[in-house]
Amino acid sequence: GFSILTNYTWSKTIDDQSSANPFNRAVSRGLATEDVPHNFKFSNIWEVPKLTTGGPAGKLLNGWQVNAILVWQSGFPFTVSSGRDNSFTGVGGDRADYIGGNAELSDSRPRGDKVRQWFDATRFTVNAPGTFGNSGRNILRGPKFFNTDMGVLKSTGITERMNLQFRAEFFNIFNTPNFRLPNGNISSSQRGLITAVVDDNQRIIQFGLKLLF
């Protein structure tokens with residue numbers, strides 16, 4: 001009456017798909033935009049053990065099932081761009097110049113602080129004229145993703161050929177906000193700011209009743 005399906009993936013994806021420098025593809029080599037080093041998924045179905053109680057009490061207490069799906073994964077990498085065409089190529093892929101120091105800020109900060117400034121933008125500046133920017137591709141990583149969905153199901157036999165099924169489903173039951181990548185344009189007034197959340201990630205609760213015959 002209990003089933004678990006779970007998996008964990010540890011990976012690294014590298015490519016050179018970037019337009020930063022059209023004359024030197026090697027400088028575009030770096031983490032792929034879809035690189036997710038840690039990806040954990042867990043799902044389960046639990047059929048609550050039946051009781052020997054009969055009559056109306058047995059109809060109420062028996063036939064329950066609980067299931068859940070949990071997803072946790074690393075954030076996606078992103079590049080800090082210059083926001084200027086100082087390379088004079090017309091491509092618009094110039095990266096920022098890296099000044100030095102640690103651009104990653106503490107992960108233990110309050111959520112509001114993370115949203116307002118995901119990374120230390122003072123570690124970067126606009127690339128010098130005639131250059132493509134010395135910072136690497138996808139050197140910073142965005143917010144992690146965490147989501148848990150749960151469901152409760154109750155099946156009640158009415159007759160031998162008829163069954164009533166009740167469902168309660170909770171999407172993002174913990175109402176965990178999952179944010180998109182911050183603004184990586186160093187020339188923008190919103191540099192380092194997170195302005196959007198993952199679509200359809202709000203908590204949703206729904207109920208259903210189904211008659212099977």
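Mentor: Helices and strands are DSSP runs, numbered from the N terminus; a helix needs at least four residues and a strand at least two. Please keep in mind that this model is predicted.

Trainee: Let us start with the strands. In which sense do E1 and E4 pair, and over how many bridges?

Mentor: To read a pairing, one looks at the sense of the two strands and then at a residue and its partner. Strand E1 covers residues 2-10 and strand E4 residues 38-47; the two are antiparallel, with 9 bridges between them. One place to look is Phe2, which has Trp46 of E4 opposite.

Trainee: Which strand do 9 bridges join to E4 in the antiparallel sense?

Mentor: That strand is E5, residues 64-73. Two partners help to trace the register: Ile45 is bridged to Asn67 in E5, and Asn39 to Gln73 in E5.

Trainee: How many bridges link E5 and E10?

Mentor: E5 and E10 pair through 10 bridges, in the antiparallel sense. Here Leu70 faces Thr148 of E10, while the bridge partner of Val66 in E10 is Val152. From E10 one can go on to strand E11, residues 162-171, which runs antiparallel to E10 and is joined to E10 by 9 bridges. Lys154 is placed opposite Phe166 of E11.

Trainee: Through how many residues does the hairpin join E10 to E11?

Mentor: The hairpin that connects E10 with E11 passes through 2 residues.

Trainee: I should like to follow one residue within a strand. Is Gln65 buried or exposed?

Mentor: The test is a cut-off: a residue under 20% relative accessible area is buried. Gln65 has 19% relative accessibility and therefore counts as buried. Gln65 belongs to strand E5. Apart from neighbours within four places in sequence, Gln65 is in contact with Ile45, Trp46, Glu47, Gly151, Val152 and Leu153.

Trainee: How is empty space found in a model, and what volume does the largest pocket have?

Mentor: A probe the size of a water molecule, rolled over the atoms, reveals where space is left empty. In this structure, the largest pocket holds about 600 Å³. Its lining has 26 residues, and those closest to the centre are Asp107, Lys114, Trp118, Pro143 and Lys144. Helix H2 (111-116), strand E9 (140-141) and strand E10 (145-159) are the elements that each supply two or more residues to this lining.

Trainee: Which element gives the most to the lining of the largest pocket?

Mentor: Helix H2 does, with 3 residues. The lining of the largest pocket can also be sorted by class, which yields 13 nonpolar, 6 polar and 7 charged residues.

Trainee: What lines the second largest pocket?

Mentor: The second largest pocket, of about 170 Å³, is lined by residues including Gln73, Pro143, Lys144, Phe145, Asn178 and Val198. By class, its lining comprises 6 nonpolar, 4 polar and 2 charged residues. Pro143 and Lys144 also appear among the residues closest to the centre of the largest pocket.

Trainee: Which residues make up the largest nonpolar core?

Mentor: This core has 12 residues, among them Phe78, Val115, Trp118, Phe119, Leu140 and Ile194. Trp118 thus deserves a second look. Beyond neighbours within four places in sequence, Trp118 has contacts with Phe78, Leu105, Arg109, Arg141, Gly142, Pro143, Pro182, Gly192 and Ile194. Of these partners, Phe78 and Ile194 are members of the largest nonpolar core, and Pro143 is found in the lining of the second largest pocket.

Conventions: Residues are numbered from 1 along each chain as its sequence is written. This is a predicted model: local features need pLDDT of at least 70, side-chain atom pairs count only at pLDDT 80 or more; totals for chains, interfaces and linings use all residues. Side-chain values use heavy atoms; hydrogens and water are left out. Two strands pair if DSSP finds at least two bridges between them. On a 1 Å grid over the protein atoms alone, a cavity is a set of points where a 1.4 Å probe fits but cannot get out, and a pocket is an open set with protein on both sides within 12 Å along at least five of seven lines; lining residues have an atom within 4 Å of a point. Grid points are joined across faces, edges and corners, and a volume is the space filled by probe spheres set on the points. Ala, Val, Leu, Ile, Met, Phe, Trp, Tyr, Cys and Pro count as nonpolar, Asp, Glu, Lys and Arg as charged, and the others, Gly among them, as polar. A nonpolar core is a set of buried Ala, Val, Leu, Ile, Met, Phe, Trp, Tyr and Cys residues joined through side-chain atoms within 4.5 Å. Buried means under 20% relative accessible area, exposed over 50%, partly exposed in between (1.4 Å probe, protein chains only). Contact means heavy atoms within 4.5 Å.
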